[in-house]
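Some terms used for protein structures rest on fixed cut-offs. The questions below ask how those terms apply here.

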Amino acid sequence: MKFAIVGSVLSIFLASVSSQTTFPAPIAGSDETVVRDPSIFYNSDSKKYFVFSTGNNISIFTSPTLNGPWPEDDVGSVLPDCSVIDLPGNCVLWAPDISFNDGLYTLYYAVSTFGTQNSAIGVATSSSMEPGTWTDLGEVISSAPGDSYNTIDPNLISDSVGLQLVFGSYWDGMFQIDLSPGVNDQASPLPGNHLAGASGRPAEGAFVYKPTSQPFYYFFFSDGVTPVVGSPRPAAGTEYKVLVGRGADAQGPFFDELGNDLVSFTAGSLVLGSHDNVFAPGGQSIYADPISGRDVIVYHYVKLSDPVGGPSYLGINYLDFSSGWPVVVA
Ligand SMILES: *[C@@H]1O[C@H](CO)[C@@H](O)[C@H](O)[C@H]1NC(C)=O
């Protein structure tokens, strides 16, 4: 009986956590900074944050603080001469993922064209992240029409198992392969370990993260329709949003708060949805901020007050994992 009461109190608690329906505004300082699929890292030598974005052969924004400024006139490119990958789209690079490995900043990017599987994930490295310092190592993995997966939306995880690359969008979902010994060395067959998404679900943008405060690995992803120029605004509830599951290992499986494995079609607990003037948030990355000591989420969103297909802006918030699940806070 006592056990049953504890169980029902626990499930009420979990249900209340899962139903976060009000969200704080993005922290001040970036609501005019146009980005897509942002990722962030801090360089403790130059004492600057670097935000990388889709566009401009991967845009580089820098700021001394998370509150900006992120000056437009200083924006550089990771690969100003395009990617060496020989595919259509190699001058329109997507979805940067930044990390630090073996003494070098490491940036994965995708080469593709909208809605196709003619795609590849490439990687570039730098000792400082500054424009003009990036070396393109080229292709890591690729996909073609007929494959069950699409090799876009990279995310690197490094744990005791080693380096692993997560990727995928729509099609049969998001997958994970091993990389070894280097950041551009595929070490296990495609598509690899199936972690989330399935059956053409509009799920993409995986990001695996382990907060130091928790024993779990969290699998964040974006789900839904992203507003594009020339199409109507997606119906309420179908638009882009950030979902999550968690598991004991970076290799999965990952489960949402109701216990559904993320490979099932509707699984995922809401982390961040549309609110106020913030519409269709997604393209998220998570970062352990060494300055505040807090977990940070960066994402893009469009403004409800803009015309459909308008630009997307940089959103930054903190995440509170103290309940065991990420809650977006100011
Ligand atoms: C990428 O760089 C090439 C060569 O400098 C340029 O022609 C192209 O417009 C750039 N792509 C984007 C999306 O800015």
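**Strands and their partners**

Q: Which residue is the bridge partner of Val208 in β14?
A: In β14, Val208 has Phe219 as its bridge partner. The model is predicted, with local features needing pLDDT of at least 70 and side-chain atom pairs counting only at pLDDT 80 or more, while totals for chains, interfaces and linings use all residues. Residues are numbered from 1 along each chain as its sequence is written.

Q: What makes β13 and β14 (residues 217-223) a pair?
A: Two strands (DSSP runs of E, at least two residues, numbered from the N terminus) pair if DSSP finds at least two bridges between them. Five bridges join β13 to β14, so the definition is met; the two run antiparallel.

Q: Where do β13 and β16 stand in their sheet?
A: The open sheet has four strands in the order β13-β14-β15-β16, with antiparallel pairing. β13 (203-209) and β16 (269-272) stand at the edges, each with a single partner strand, so one side of each lacks a neighbour in the sheet. From one strand to the next, the twist averages 35°, taken between axes that are lines fitted to C-alpha atoms, with angles from 0 to 180 degrees between N-to-C directions.

Q: Why is β10 (residues 162-167) called largely enclosed?
A: A residue is buried if 20 or more other C-beta atoms, placed from the backbone, lie within 10 Å of its own (exposed: 12 or fewer; partly exposed: in between). Five of the six residues of β10 are buried, so the rest of the structure largely encloses this strand.

Q: How many bridges join β10 to β11 (residues 174-179)?
A: Five bridges join them, and they run antiparallel. One of the bridge partners is Leu179 in β11, opposite Leu163.
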